[in-house]
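Me: I have a chain here that I would like to go through with you. Could you tell me what stands behind the labels people put on its residues?

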Amino acid sequence: MEGSRHEQQKQSLSDLIPVIDLAALNGDHIDEFERRRIITEIAHACKTWGAFQLVNHGIQPHVIERARAKACGVFELPNETRWKAKRSPGSLSGYGNGAVIADAVNNEIASEAITFGYPNSEADVIASIFWPRGNPGFSASIDDYNEESHELALKVVRLMVEGLELHGNLAHFQPYLTEHFGVLRINNYPASEHPTRDIGLPPHIDDTLLTIVHQGCEVEGLQVKKDGQWVTVPPRGDVMVVLVAAVCQVITNDNYKAVLHRAVPNRDKARLSMVYSAYPPANIFITAAPEFVSPAHPPLYKPFTWSEYLSGQVTHILNPIDGLQTVEREGETQNQTSESSESSSKLD
């Protein structure tokens, strides 16, 4: 009976993950009342879940399905062929199973990935390695999905910022609305005989600004942590899942919460997810907006640049033992960062 109640509670939490409809923003004439409603829903989700689901998000179904179909072909190649495109140190594009900003190989996780930078995806170079005789449409399908994911990320970041109720003062956030670069990571999680033992991706908080995930419509795998429990995000083909990441938490001084999440393998089916990560500009100081700083609410994190993070001067954005936080923290954020620091730093 105890187990049954626990399963029901997990299911009910899955049903409560916010689903936000952007349809009202897709026409030529946008109703301001509907726009404000959407902004309010997004802001509430960022504060309470650190994650939400988008429907009518604007990425066309044929763009999604074509990219997924072409990506599946990568993971059907022989193992030795896939490793010919191993991601080089410092590169955003290539094959591997480690974090993008780290070594391409991580033997502790039971997944693999092909990554493509944005705006320079190098998809044509990777395609020529995998298919010397050609693979018509591969590069175009990846670049189209990359471009539309980038545009959606910019739209969502703007809505998130407007939800902070800054009364039109967007100066601190302007670079994040116009200049970020990105990485498209397409993950393959093979079916596992030991799904409770094998690790798809360990618990972590994304060290970016924002993450947009397309799970597909069949196989579960993405889980977020809410109120101390792991909650499965239902897979839906028409949904993009938005995950609030660490940089967003820093620049809002904890008004928005980065979400701890993980990927678990499935016993019977392989799973493919397409993940677009929006990164901040490289050389601006990442720090709390002045609107969220006062004598009563000092900045919770020391300023840093993304270049400093990449060079290892900051080893994890939300890990207090690395000295980035300025005051001792309590509560959920502390618990999240402690758990995420046990796994590999700089995971997507």
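Reply: Happy to; we will take the labels one by one and set each value against its cut-off. Please keep in mind that this is a predicted model.

Me: Good. What does the chain as a whole look like, in helices and strands?

Reply: There are 10 helices and 14 strands. Buried residues account for 54% of the 348 residues, and the chain exposes about 15,300 Å², with carbon and sulfur atoms supplying 50% of that area. Of the contacts between residues at least 6 apart in sequence, 75% join residues at least 24 apart.

Me: Why is P290 called exposed?

Reply: Exposed means over 50% relative accessible area. P290 has 53%, so the label fits. You will find P290 in the loop between β13 (285-286) and β14 (304-305). The C-alpha atoms of P290 and I251 are separated by 9.2 Å, with their positions 39 residues apart along the chain.

Me: And E220, why is that one called partly exposed?

Reply: Partly exposed covers values between the buried limit of 20% and the exposed limit of 50%. E220 comes out at 46%, and therefore counts as partly exposed. E220 also sits in a loop, the one between β7 (210-214) and β8 (222-226).

Me: What does E220 touch, leaving aside residues up to four places away in sequence?

Reply: T232, P235, V264 and R271. Separately, the C-alpha atoms of E220 and N266 are 7.3 Å apart, for two residues 46 places apart along the chain.

Me: How do you know that E162 and R35 form a salt bridge?

Reply: The rule asks for a side-chain nitrogen of Lys or Arg within 4 Å of a carboxyl oxygen of Asp or Glu. For E162 and R35 the N to O distance is 2.8 Å, so the pair meets the rule. E162 and R35 are both buried.

Me: What makes you say that E162 and R35 tie parts of the chain together?

Reply: E162 lies in helix α6 and R35 in helix α2 (residues 32-48), so their salt bridge ties together parts that are 127 residues apart in sequence.

Me: How many salt bridges does the rule give?

Reply: Eight. Another of them joins E41 and R37, at 2.9 Å from N to O. Both of these residues lie in helix α2, four residues apart, about one turn of the helix. E41 is partly exposed because its relative accessible area is 29%, and R37 is partly exposed at 29% too. Together with E34, R37 and E41 are linked in a network of salt bridges.

Me: What about R236 and D238?

Reply: Their side chains meet in a salt bridge with an N to O distance of 2.8 Å. R236 is partly exposed, because its relative accessibility is 32%; D238 is partly exposed as well, because its value is 40%.

Me: Last one. What makes E151 fit to be part of a surface patch?

Reply: A patch residue needs over 30% relative accessible area and no salt bridge, and like charges are joined within 9 Å. E151 has 42%, so it clears the area cut-off. Glu counts as negative, and E151 belongs to a negative surface patch with E122, D124, D143 and E147. E151 is in helix α6, and that helix (residues 138-162) supplies the largest share of the patch, three residues.

Definitions and conventions. Residues are numbered from 1 along each chain as its sequence is written. This is a predicted model: local features need pLDDT of at least 70, side-chain atom pairs count only at pLDDT 80 or more; totals for chains, interfaces and linings use all residues. Side-chain values use heavy atoms; hydrogens and water are left out. Patches are made of residues with over 30% relative accessible area and no salt bridge: like charges are joined within 9 Å, nonpolar side chains (Val, Leu, Ile, Met, Phe, Trp, Tyr) within 5 Å. Accessible areas come from the Shrake-Rupley method with a 1.4 Å probe; for residues, only the protein chains shown count as cover. The place of a charge is taken as NZ of Lys, CZ of Arg, CG of Asp or CD of Glu. Helices (H or I, at least four residues) and strands (E, at least two) are DSSP runs, numbered from the N terminus. Buried means under 20% relative accessible area, exposed over 50%, partly exposed in between (1.4 Å probe, protein chains only). Contact means heavy atoms within 4.5 Å.
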